[in-house]
Amino acid sequence: GVSAHGDLWRPTVELLETVWQQLVCILTRGIEKTLYSRPSFDVRPLLGGTDAALSNAVSWSSRAPMGLSDGWEALPLPPSVRQVVTDSLKDIRNPHILAGLMVADHRVVTLATARHVSLKPRDVNLVVNFVLSSVSLRQAESWTPVCLPSVHESAFLYAYVNFLTPEAGVVFLSSSSDAAIFHLLSGHARQIERTLNASGSLESILHAMRAAPVVIPALTPPTAAPPAFSLSPLTQLQGSREREIVAHSGSLSAQMGPLRFLHVAFRVPSLGQVFSSRPQGHVESAEKTKSLFQTYASCRDLVDGMQGPNQVFVQRRHDVIYLWDSPEFSLACTCPEWQGISSVGLATLVQWLRSNEKTLFVSPIPQLPR
């Protein structure tokens with residue numbers, strides 16, 4: 001094995017891929033070609049300053065309920081506030097500007113791209129991690145090269161970075177390093193700051209950052225229960241937690257009364273985004289949260305080979321987990337063992353997530369003007 005801590009194969013492979021892509025983000029894939037042609041080439045001088053970015057990538061991956069390639073996480077925010085931020089961010093025209101985003105710690109307040117640009121979720125996470133890992137980028141207005149593998153793995157883009165507060169900043173990606181674009185973006189960043197301060201949006205963002213991740217409220221299901229879901233049998237889980245898990249298959253019974261969720265992760269592939277609630281109860285500690293996310297990964301390994309919408313129900317010693325994977329969304333949720341999970345409860349949860357989509361996600365992804 002490659003892990004001394006019982007880490008599963010799939011998350012470990014995703015972690016190694018993330019670390020490699022972060023190196024490519026900093027150095028471009030040209031470094032790989034150099035090593036193939038000159039295996040004895042000493043890359044250590046080129047790796048100066050990458051320690052923080054790589055270390056943060058490892059730490060972030062361990063706290064992600066789904067892979068960093070699956071989606072980036074938006075800051076839960078009132079839609080009216082997000083709209084103000086989006087409108088101010090988009091108020092710029094230049095053919096070299098490929099994307100703009102506002103970051104709040106590792107979450108994204110808003111993101112807009114040029115019409116011909118489609119950033120993959122991992123690219124967004126790479127940029128956010130690169131920016132947050134650099135003390136110098138957070139302390140002063142900066143203009144720095146960055147490589148995004150999905151745009152061009154062997155060439156640099158140029159990132160304009162300006163933190164409006166110690167925690168929140170704007171990032172723009174340009175295909176040109178022209179100094180005139182830097183000055184254009186510098187003026188635009190000042191205008192964004194004035195707009196957000198005047199509207200109170202910046203204070204709302206800081207408040208949302210302090211409140212994140214959000215707690216799923218107690219949900220009351222409707223009186224009429226929908227048909228029970230059909231579950232796929234879970235027969236085996238790999239790794240050190242196998243003894244803790246009992247497999248169940250069959251139908252989920254209807255359940256009445258308020259529903260309490262210890263944790264919920266929800267991914268929308270069409271948006272390239274993931275929502276993760278605040279872990280509660282006995283899964284609140286970092287160690288228990290990591291164990292929970294590893295169980296999610298085990299379940300995902302099982303459903304990956306299935307056809308059509310797939311569901312897996314897992315009962316552990318102190319909680320029950322349900323994974324629901326479909327083309328429209330992926331859901332992983334955890335409830336207390338005494339409560340259990342019912343089909344009507346799951347339908348109520350999905351309805352709540354859908355009805356709050358504009359609060360929990362950047363939806364739809366806006367485009368920069370031509």
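Here, a residue counts as buried when its relative accessible area is under 20%. Keep that cut-off in mind for helix α3, where Ala-53, Leu-54, Ala-57, Trp-60 and Ser-61 are buried. Looking down the axis of α3, those buried residues fall within an arc of 130°, so they line one face of the helix. Their cover includes α1 (9-27) and α5 (121-132). As for its dimensions, α3 runs over residues 51-62, twelve residues in total. From first C-alpha to last it reaches 17 Å, close to the 16 Å expected at 1.5 Å a residue.

**The whole chain**

Before going further, note that this is a predicted model. The chain has twelve helices and eleven strands. Of its 370 residues, 54% are buried. About 17,000 Å² of the chain is exposed, and carbon and sulfur atoms supply 53% of that area. What about contacts between residues with a separation of 6 or more? In that set, 68% come from residues 24 or more positions apart.

**A second helix with a buried face**

Now try helix α9, residues 201-211. Its buried residues are Ser-201, Leu-202, Ile-205, Leu-206, Ala-208 and Met-209. Seen along the axis of α9, they sit within an arc of 160°, so they line one face of this helix. Which exposed residues does α9 carry on the face turned away from its buried side? They are His-207 and Arg-210. The buried residues of α9 have both helices and strands to pack against: α4 (79-90), β1 (97-104), β2 (107-113), β5 (168-174) and α8 (179-199).

**Tyr-160 and its surroundings**

Strand β4 (residues 157-163) is where you'll find Tyr-160. Is Tyr-160 buried or exposed? Its relative accessibility is 0%, so it counts as buried. Leave out the neighbours within four places in sequence, and Tyr-160 is still in contact with Glu-141, Ser-142, Trp-143, Val-170, Val-171, Phe-172, Phe-182, Leu-185, Ser-186 and Ala-189. One of these, Ser-142, is 18 residues from Tyr-160 in sequence, with 5.8 Å between the two C-alpha atoms. The Tyr-160 side chain also takes part in polar contacts: one with the side chain of Glu-141 at 2.5 Å, and one with the side chain of Asn-162 at 2.9 Å.

**Toward the end of the chain**

Gln-339 belongs to the loop between β11 (330-336) and α11 (343-355). Although it lies in a loop, Gln-339 is buried, with a relative accessible area of 12%. Its side chain reaches the backbone nitrogen of Arg-260 at 2.7 Å.

Move along to helix α11 and you come to Trp-352. Not counting residues up to four places away in sequence, Trp-352 touches Ile-216, Pro-217, Leu-219 and Leu-360. The pairing with Leu-219 spans 133 residues in sequence, while the C-alpha atoms of the two are 8.3 Å apart.

Then comes Glu-357, in helix α12 (residues 357-360). At 19% relative accessibility, Glu-357 counts as buried, because the cut-off is under 20%. Beyond its neighbours within four places in sequence, Glu-357 is in contact with Leu-271 and Ser-363. With Ser-363 there is a polar contact between the two side chains, at 2.9 Å.

Here are the polar contacts described above, side by side.

| Residue (side chain) | Partner | Distance |
|---|---|---|
| Tyr-160 | Glu-141, side chain | 2.5 Å |
| Tyr-160 | Asn-162, side chain | 2.9 Å |
| Gln-339 | Arg-260, backbone nitrogen | 2.7 Å |
| Glu-357 | Ser-363, side chain | 2.9 Å |

**The cysteines**

How many disulfides are there? The count comes to zero. A disulfide needs two cysteine sulfur atoms within 2.5 Å. Take Cys-335: the closest cysteine sulfur to its own is in Cys-333, 5.3 Å away, which is too far for a bond. Cys-335 is buried, at 2% relative accessible area. Cys-147 is buried as well, with a value of 0%.

Key:
Residues are numbered from 1 along each chain as its sequence is written. This is a predicted model: local features need pLDDT of at least 70, side-chain atom pairs count only at pLDDT 80 or more; totals for chains, interfaces and linings use all residues. Side-chain values use heavy atoms; hydrogens and water are left out. Buried means under 20% relative accessible area, exposed over 50%, partly exposed in between (1.4 Å probe, protein chains only). Helices (H or I, at least four residues) and strands (E, at least two) are DSSP runs, numbered from the N terminus. Contact means heavy atoms within 4.5 Å. Accessible areas come from the Shrake-Rupley method with a 1.4 Å probe; for residues, only the protein chains shown count as cover. A polar contact is a pair of N or O atoms within 3.5 Å; within protein, one must be able to donate a hydrogen and the other to accept it, and residues adjacent in sequence count only if both atoms are side-chain atoms. The expected span of a helix is 1.5 Å times one less than its number of residues. The arc is that of the directions from the helix axis to the C-beta atoms.
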